[in-house]
Amino acid sequence: MASKSPTMFCGTCSRRNRSNEAVKYCSDCEDGLCSECFDFHGSIKTFDTHHVIDINVIEGKPLVVNKSCKVHPDMVLEYFCSDHDTMCCRSCMASDHRSCEKLMPIEVSAKGVKDSAMFEEMAKDITTLNSAVKELEDKKKKSIVSLKDSKLTVKQDVKNFKARLLKRIEEIEAALMSEIDQVHTDLSNEANDNLEKICDQRRKIQLVSEQFESVSNHGSESQIFMLINNTKEELNYSANDFQKLLSSQKDVSLSFKESDLLAVLKSFGSVEIKEASLDINYKPFKLQQAQFLQHHGKLPTKFQLDCKFKVPSSSLVGIAVTKDNRLFLCNWYASSLFVMSEKGEQLATIQMDGKQWGIALEEDKNSAWVTLPMLQSVQKVNVVTMKKDRPIKIPSVAMRYMVLLLLMTKLL
């Protein structure tokens, strides 16, 4: 069993090196009280308005509410200003709320707070937000499980694709083997036909050769002469036939030419990440914002001219000032956007794509947006590097509306 928290003991007794178990808890004192100290606490008039509850209610977790002023950390918050919807200490009251009419002690402003609409809204907002966060937590846990399941599914899909690919390869192999057999059969038949023709030609020549040899060895000169003249024409035909047969013969064999499939097939595919928003039933609530404090100082009645300068060859129609006091001056006379110091020193000249009219700074992004009415465009300029982007075309109606707003702003 876990040991009791120190807050379960009487704070007053603990500071006197005693260990008495607390039976009550004072949320104003933020201290536990034993029976004896509780009786003493209730007998003091100063503590009469303190809120005391049973120690079992807090379950070892003291009700600690920050009472220190954010502006003056060494001071305690004592008042609530309804004019500014904020709590304040005595120093804040003297410096910022001196003229406020609705300034009351926190104890007075807190009367009946649990019956107020603000309390009901806060309780509802906390419940709604807590429910939404819990729902988001549950769905995120399911999303992590789903992510793991999708990994297994994708791996199985890859294996299935590999199996289909291997099956297709086997089908392609079988078709190629069949084609090889058919090509071999056709070539073999053609080669055998040619061989038969060659054999016939050889037999004919063999007969002529044998007859010529026999007559040459055993016949008379008349017989030899007659054989030569009889065989000459036939021999010419045989020679021509052989020449044609010889020119048509090729030494044929088969070879395999690989396709570029291995070069093309670098991957089975790719892993895609699919994203979907988590549908959480949550509607943001409207937070009350405290009003800005109004400092009632004396308004200046006199002004003194600090600096005055001219910009040659210009018709200045717009100005923007950076945090480091550089002036960006729009020029309607030409396409030059002037960058000047606060003393009138020309720091840079940026050649825009047209005449400028208005300018707006976006210093957190080091950017200035310049309107170019004649081009119906806006153009962004980097206020640090002084480089411009390409103009962005704006619809004519929107540009006329923008120029009208700028004109009204200048007239006001």
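A residue counts as buried under 20% relative accessible area, as exposed over 50%, and as partly exposed in between. Keep that in mind for these exercises on a predicted model.

**Exercise 1.** Is tryptophan 332 buried, partly exposed or exposed? Then do the same for tryptophan 357.

*Solution.* Start with tryptophan 332: its relative accessibility is 27%. That value falls between the two cut-offs, so tryptophan 332 counts as partly exposed. Now take tryptophan 357, with a relative accessible area of 15%. This is under 20%, so tryptophan 357 is buried.

**Exercise 2.** Describe the aromatic pair in the structure, and find where its two residues lie.

*Solution.* The structure holds one aromatic pair. Tryptophan 332 and tryptophan 357 form it, with 5.3 Å centre to centre and 85° between the planes. An angle over 60 degrees counts as edge-to-face, and this pair is edge-to-face. Next, look along the chain: tryptophan 332 is in the loop between strand 8 (327-331) and strand 9 (336-340), while tryptophan 357 is in the loop between strand 10 (346-351) and strand 11 (359-362). The two are 25 residues apart, and the pair links distant parts of the chain.

**Exercise 3.** Which lysine lies over the face of tryptophan 332?

*Solution.* Lysine 355 does, at 5.9 Å from the ring centre. Elsewhere, the charged end of lysine 24 sits over the ring of phenylalanine 38, 5.6 Å from its centre.

**Exercise 4.** Which strands are the edges of the open sheet with the order 11-12-13-14?

*Solution.* The sheet has four strands with antiparallel pairing. Strand 11 and strand 14 (392-393) each pair on one side only, and they are the edge strands. Two bridges join strand 13 (residues 377-382) to strand 14; valine 378 has isoleucine 392 in strand 14 as its bridge partner.

Methods:
Residues are numbered from 1 along each chain as its sequence is written. This is a predicted model: local features need pLDDT of at least 70, side-chain atom pairs count only at pLDDT 80 or more; totals for chains, interfaces and linings use all residues. Side-chain values use heavy atoms; hydrogens and water are left out. Rings of Phe, Tyr and Trp (its six-membered ring) pair if their centres lie within 6.5 Å; planes under 30 degrees apart count as stacked, over 60 as edge-to-face and the rest as tilted. Buried means under 20% relative accessible area, exposed over 50%, partly exposed in between (1.4 Å probe, protein chains only). A charge sits over a ring if NZ of Lys or CZ of Arg is within 6 Å of the ring centre and within 35 degrees of the ring normal. Two strands pair if DSSP finds at least two bridges between them.
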